[in-house]
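Visitor: Hello! I have a structure open in front of me and would like to learn how to read it. Could you walk me through some of its features?

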Protein chains: 2
Amino acid sequence: MSNNTATRVDGVLTTVQSVDRAITVLEILASAGEAGVTEIAAELGVHKSTAFRLVAALENRGLVEQNSERGKYCLGVGIIRLAGAATARLDLVQESRGITRQLAAETGETVNLAVLSDGAALYVDQVSGSSALQSHNWVGQRIPLHATSNAKVLLSGLPDKEILATAGQLRSFTPSTITSGKRLRAAVTKVREEGYAVAVDELELGLTAVAAPIRNASGDVRASMSLSGPTFRLNRGRVDDVLPTLLAAALQVSQRLGWREA
Amino acid sequence: MSNNTATRVDGVLTTVQSVDRAITVLEILASAGEAGVTEIAAELGVHKSTAFRLVAALENRGLVEQNSERGKYCLGVGIIRLAGAATARLDLVQESRGITRQLAAETGETVNLAVLSDGAALYVDQVSGSSALQSHNWVGQRIPLHATSNAKVLLSGLPDKEILATAGQLRSFTPSTITSGKRLRAAVTKVREEGYAVAVDELELGLTAVAAPIRNASGDVRASMSLSGPTFRLNRGRVDDVLPTLLAAALQVSQRLGWREA
DNA sequence: CTCTAGTGTTCCGTCATGAGCAACAATACG
DNA sequence: CGTATTGTTGCTCATGACGGAACACTAGAG
């Protein structure tokens with residue numbers, strides 16, 4: 001994160017220094033929540049004044065905000081505005097909204113949509129179930145690629161050799177988390193055969209999820225749709241109950257994206 | 001949008017040219033959906049190659065994506081990632097999630113949270129009601145400041161002289177839309193007195209919404225919480241029914257932000 | 001098929017522009 | 001009250017971003 005020699009090293013990296021730094025500023029703020037000019041400058045490895053000018057440029061356009069006159073900086077609402085446009089553009093979210101809503105209504109559980117992004121599962125949409133439990137909002141979050149049903153589905157779309165590399169470090173969250181490469185591969189193979197994935201207590205104790213792939217016209221796995229809820233309610237039998245509904249919904253979205261069942 | 005002489009004109013505008021241009025690129029993509037290098041260059045008033053380098057810099061960091069090798073560009077998922085962090089940061093969204101969810105569950109209608117941003121109401125969060133109707137997602141959208149209940153609430157926090165300037169042009173959406181400055185002022189005054197706002201068929205025929213202010217510790221209107229649904233269901237009587245619940249919820253959020261009822 | 005008119009992409013020399021310095025203002029702390 | 005932090009702002013120099021022009025590639029027309 002410090003030495004950005006990237007000017008035009010090979011030909012694959014054509015970048016603009018200040019823009020690149022500005023984006024780094026945004027990412028620093030995203031992960032830190034808030035930061036001061038000096039702190040940002042240190043992280044960037046540049047002079048205070050340089051960092052200040054970058055932040056000021058971002059602030060003029062509403063991408064960052066200053067907590068108080070002469071205070072720390074944090075991400076601004078301008079980002080949300082852009083994100084609104086970005087999700088609207090993702091025909092994925094657009095096309096699936098109605099279907100996911102209906103699925104959530106029918107089952108009463110929370111429905112999530114995730115895509116592969118930079119070695120993690122990025123949650124792009126969520127419709128909450130009617131049950132008042134489980135109110136966490138996942139949208140915009142990035143979850144490691146081995147501990148959820150969505151992750152396994154997304155991995156199932158990759159060629160075998162890329163699976164382990166993409167999943168990265170198999171950190172353990174609960175006793176049930178998959179931590180060996182061998183078991184992860186086996187799980188992914190199972191997903192390919194059965195067409196869905198289940199994860200019980202793997203990311204969080206008491207949290208169960210089922211996921212199914214969403215494919216585009218060329219058959220690639222573009223996203224994963226999951227249904228999640230507390231383990232005591234979403235037990236073995238209940239999972240079998242809702243599975244057909246979930247599969248049907250995912251298939252429906254796939255078809256809207258041009259996928260024709262093989 | 002063309003002549004950006006803004007280098008350091010007065011002292012209030014300290015900006016970095018390339019960063020500023022890069023942000024403009026993002027905004028162009030946000031409003032156009034997708035655009036090619038040539039188109040972007042034209043809009044920016046710079047050379048093709050300059051525009052290309054900017055886009056490439058953004059692409060390297062995932063803020064924009066290229067539709068296909070050698071194709072048009074559109075906003076990327078990186079934006080969504082940042083936005084996730086931004087909303088998490090907005091203590092507003094954080095603090096209110098649980099309360100908005102409960103409100104949605106109790107009433108069965110859709111709950112929205114909007115803030116004032118750059119002369120428009122920016123919707124920052126939404127929890128859908130259980131009723132399967134009305135599936136539009138407003139998050140990230142910017143709505144004119146005169147045609148919704150949220151808008152009136154947000155305006156009610158401004159000094160009188162700024163109201164008309166901030167609201168801008170009073171475009172008509174339906175026969176019920178407020179189009180005269182005088183009527184808008186009257187509506188805002190009414191909101192101040194009653195502590196809530198109602199809008200029936202003003203933005204869209206058949207859409208009714210009620211909104212209440214959320215205040216911070218110093219008593220400023222920081223956001224507006226609304227409850228919306230189809231007019232036939234959310235009729236006069238029903239509005240009166242849910243109003244106390246809405247007011248209580250908004251008050252609860254205000255209190256979490258440090259507001260002590262006067 | 002060629003020819004033209006569009007794309008997006010790359011290379012390079014030049015000069016505007018953004019970087020670093022250092023001084024400044026405004027806090028917080030001892 | 002001094003000292004040690006912040007965030008902020010002119011100033012100057014060279015760095016790095018700019019525009020020009022040539023390239024690669026696709027699509028369509030003739």
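Visitor: Let me begin with DNA strand D: how far is a phosphate oxygen of that strand from an N or O atom in the side chain of T50(B)?

Guide: Before we start, keep in mind that this is a predicted model. To read a contact like this one, look for a pair of N or O atoms within 3.5 Å. Here the side chain of T50(B) places an N or O atom 2.3 Å from a phosphate oxygen of DNA strand D. The backbone can take part too: a polar backbone atom of Q17(A) is 2.9 Å from a phosphate oxygen of this strand.

Visitor: Which residue has a polar side-chain atom 3.4 Å from a base nitrogen of DNA strand D?

Guide: That is R53(B). As for the overall split, 66% of the atoms of DNA strand D within 4 Å of the protein belong to sugar or phosphate, and the rest to bases.

Visitor: How many residues surround DNA strand D, and which are the closest?

Guide: There are 24, and the closest are T38(A), F52(A), Y73(A), S49(B) and T50(B). You can also sort such a surface by residue character: this one has 5 nonpolar, 13 polar and 6 charged residues. Helices from both chains supply at least two residues each, namely α1, α2 and α3 of chain A and α1 and α3 of chain B.

Visitor: And what surrounds DNA strand C?

Guide: Here we find 23 residues, the closest being T50(A), Q17(B), T38(B), F52(B) and Y73(B). The surface near DNA strand C divides into 5 nonpolar, 12 polar and 6 charged residues. On the DNA side, sugar or phosphate accounts for 68% of the strand C atoms within 4 Å of the protein. Try finding three contacts on your screen. T38(B) has a polar side-chain atom 2.5 Å from a phosphate oxygen of strand C. The side chain of K48(B) has an N or O atom 3.1 Å from a base oxygen of that strand, and a polar side-chain atom of R53(A) lies 3.3 Å from one of its base nitrogens.

Visitor: Now for sheets: in what order do the strands of the open 3-stranded sheet in chain A lie?

Guide: Read a sheet from side to side rather than along the sequence. The order is β1-β3-β2, with antiparallel pairing. The edge strands are β1 (34–35) and β2 (64–66), each pairing on one side only. Between β1(A) and β3 (residues 73–75) there are 2 bridges, and A35(A) has Y73(A) as its bridge partner in β3(A). Helix α1(A) lies across β1, β2 and β3 of chain A, at about 90 degrees to β3(A).

Visitor: Is S226(A) buried or exposed?

Guide: A residue counts as buried under 20% relative accessible area. S226(A) has 3%, so it is buried. You will find S226(A) in strand β9 (residues 221–230) of chain A. Its side chain joins that of N150(A) in a polar contact of 3.0 Å. Leaving aside residues up to four places away in sequence, S226(A) touches several others, including T110(A), V111(A) and V210(A).

Visitor: Where is E109(B), and with which side chains does it make polar contacts?

Guide: E109(B) sits in the loop between α5 (91–107) and β4 (110–116) of chain B. At 2% relative accessibility, E109(B) is buried. Its side chain makes a polar contact of 2.6 Å with the side chain of R233(B), and another of 2.9 Å joins the side chains of E109(B) and R238(B).

Note on methods: Residues numbered from 1 in each chain as written. Chains lettered and ligands numbered in written order. Predicted model: local features only at pLDDT ≥ 70, side-chain atom pairs only at ≥ 80, totals over all residues. Heavy atoms only, no water. Helix = DSSP H or I, 4+ residues; strand = E, 2+ residues; numbered from the N terminus. Buried < 20%, exposed > 50% of the residue type's maximum accessible area, 1.4 Å probe, protein only. Polar contact = N/O pair within 3.5 Å; in protein donor to acceptor, adjacent residues only side chain to side chain. Contact = heavy atoms within 4.5 Å. Near = heavy atom within 4 Å. Nonpolar A, V, L, I, M, F, W, Y, C, P; charged D, E, K, R; others polar. Pairing = 2+ DSSP bridges. Axes fitted to C-alpha atoms, helices over the stretch in contact; angles between N-to-C directions.
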